[in-house]
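Welcome! Take a moment to look over the sequence and the model, and then we can walk through some of the cysteines, a histidine and the charged pairs together.

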Amino acid sequence: MIHELTSRISKIMIVIFILTCCFSCSDQANKIEEDDSEWSYLIDENLSEWDTYLSFKHQIDYNGSPPLDKLGNEIEPIGLNKPNYNVFTTMTENDETIIKVSGEYYGCLASKKEYENYHLQLQFKWGDKKWIPRLNRLKDSGILYHSIGTFGAEYWRSWMMSQEFQIMEAHTGDFWSQVTSAIDIRAYAPESGLNPMAHESQDFLSFGEKGEAGNYCLRSNNYEKEPGEWNTLDLICLNGKSLHIVNGEVVMVLKNSRYINEKGEAVPLTKGKIQLQSEAAELFFKGIKIKSIEKLSPEYLAFF
């Protein structure tokens, strides 16, 4: 009798275990798009999927004007794919290719291809070095998506027009508008000098060019890991909507991606290159991959 009872309990436990695994796998699947297309990997030792653009070593007194030399002459940016600067290099660790960004010059890795309707995932961690003008500031970088036009079009004369998924100590997931880009974000409105802050419970506010809430929005919370640990970032873009996700947590909900053209007209901004910034701080990237999507999971769709 005892043997039969034990056997039945064992069978019940096995069934419970199998069901738990199934539900766990189902829950995990719902956290990504309902699309099983294979990932394309955007990292190799030769950085063959990327171009490099470098501008300047910006100084503390930079004000958005062209940098000048000691004689008052404008300094030209370094430019596209110039060799021997070693701002973006690769190394191998545990059979995995890692990109090191020295941060010494402002600039970016820019994908050679344009992308639309995708899930981008990468991992990053901070290095130890910082450069002027960030020696006494937080380490900074970013993912610039839907990047179009010419390099050096924004304030720092280093990047293309785009939407920014900021990578910054304690601020990873923030939003910045670049050039005349604009977008709507679920966020608390700015008040009494306080920055607007994203939150899924709020209505959408307009950010960027002609936006009511400015060109910057704080992420909803800080989910970055301790210094030296790898962080996983997911950027999901579909038909002008996007989600900023930090270590599995949605920190910003955005829609109606656009830019304002020279005529003052709003033009959809849903496709472009991806830029990874070099911004006076050392950091590392690995596991950069992307896949096309056609729809969002019910969980993600509910944010909109």
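A residue is called buried here when its relative accessible area is under 20%, exposed when that value is over 50%, and partly exposed in between. Please keep in mind that this is a predicted model.

**Charged pairs**

Let us begin with the salt bridges. Side chains of opposite charge can pair when their charged atoms come close. Across the whole structure, a search finds six salt bridges. Three of these pairs are described here, among them Asp140 with Arg134.

| Pair | N to O distance |
|---|---|
| Glu96 and Lys286 | 3.5 Å |
| Asp140 and Arg134 | 3.8 Å |
| Arg219 and Asp174 | 3.9 Å |

The Glu96 and Lys286 side chains meet at 3.5 Å. Glu96 sits in strand 5 (residues 96-101) and Lys286 in strand 21 (residues 281-292), so their salt bridge ties together parts 190 residues apart in sequence. Glu96 is partly exposed, at 29% relative accessible area, whereas Lys286 is buried, at 12%.

In the second pair, Asp140 and Arg134 are both buried. Their closest N and O atoms are 3.8 Å apart.

The third pair joins Arg219 and Asp174, with 3.9 Å from N to O. Arg219 belongs to the loop between strand 15 and strand 16 (231-238), and Asp174 to the loop between strand 10 (161-168) and strand 11 (175-178), so this pair links parts 45 residues apart in sequence. Arg219 is buried with a relative accessible area of 12%, and Asp174 is buried with 0%.

**Around Cys217**

Asp174 also turns up beside a cysteine: its C-alpha atom is 5.8 Å from that of Cys217, although their positions lie 43 residues apart along the chain. Cys217 is part of strand 15 (residues 216-217) and is buried, at 0% relative accessibility. Beyond its sequence neighbours within four places, Cys217 contacts several residues, including Asp174, Phe175, Ile185 and Met252.

How many disulfides does the structure hold? The count is zero. Two other cysteines are buried as well: Cys108 has a relative accessible area of 0%, and Cys237 has 1%.

**A histidine in a loop**

Finally, have a look at His58, in the loop between strand 2 (50-54) and strand 3 (79-80). Is His58 buried or exposed? At 1% relative accessibility, His58 counts as buried. A polar atom of its side chain lies 2.8 Å from the backbone oxygen of Trp156. Not counting residues up to four places away in sequence, His58 touches Trp156 together with Pro67, Tyr106, Ile132, Pro133 and Ser158.

Methods. Residues are numbered from 1 along each chain as its sequence is written. This is a predicted model: local features need pLDDT of at least 70, side-chain atom pairs count only at pLDDT 80 or more; totals for chains, interfaces and linings use all residues. Side-chain values use heavy atoms; hydrogens and water are left out. A disulfide is a pair of cysteine sulfur atoms within 2.5 Å. Buried means under 20% relative accessible area, exposed over 50%, partly exposed in between (1.4 Å probe, protein chains only). Helices (H or I, at least four residues) and strands (E, at least two) are DSSP runs, numbered from the N terminus. A polar contact is a pair of N or O atoms within 3.5 Å; within protein, one must be able to donate a hydrogen and the other to accept it, and residues adjacent in sequence count only if both atoms are side-chain atoms. Contact means heavy atoms within 4.5 Å. A salt bridge is a side-chain nitrogen of Lys or Arg within 4 Å of a carboxyl oxygen of Asp or Glu.
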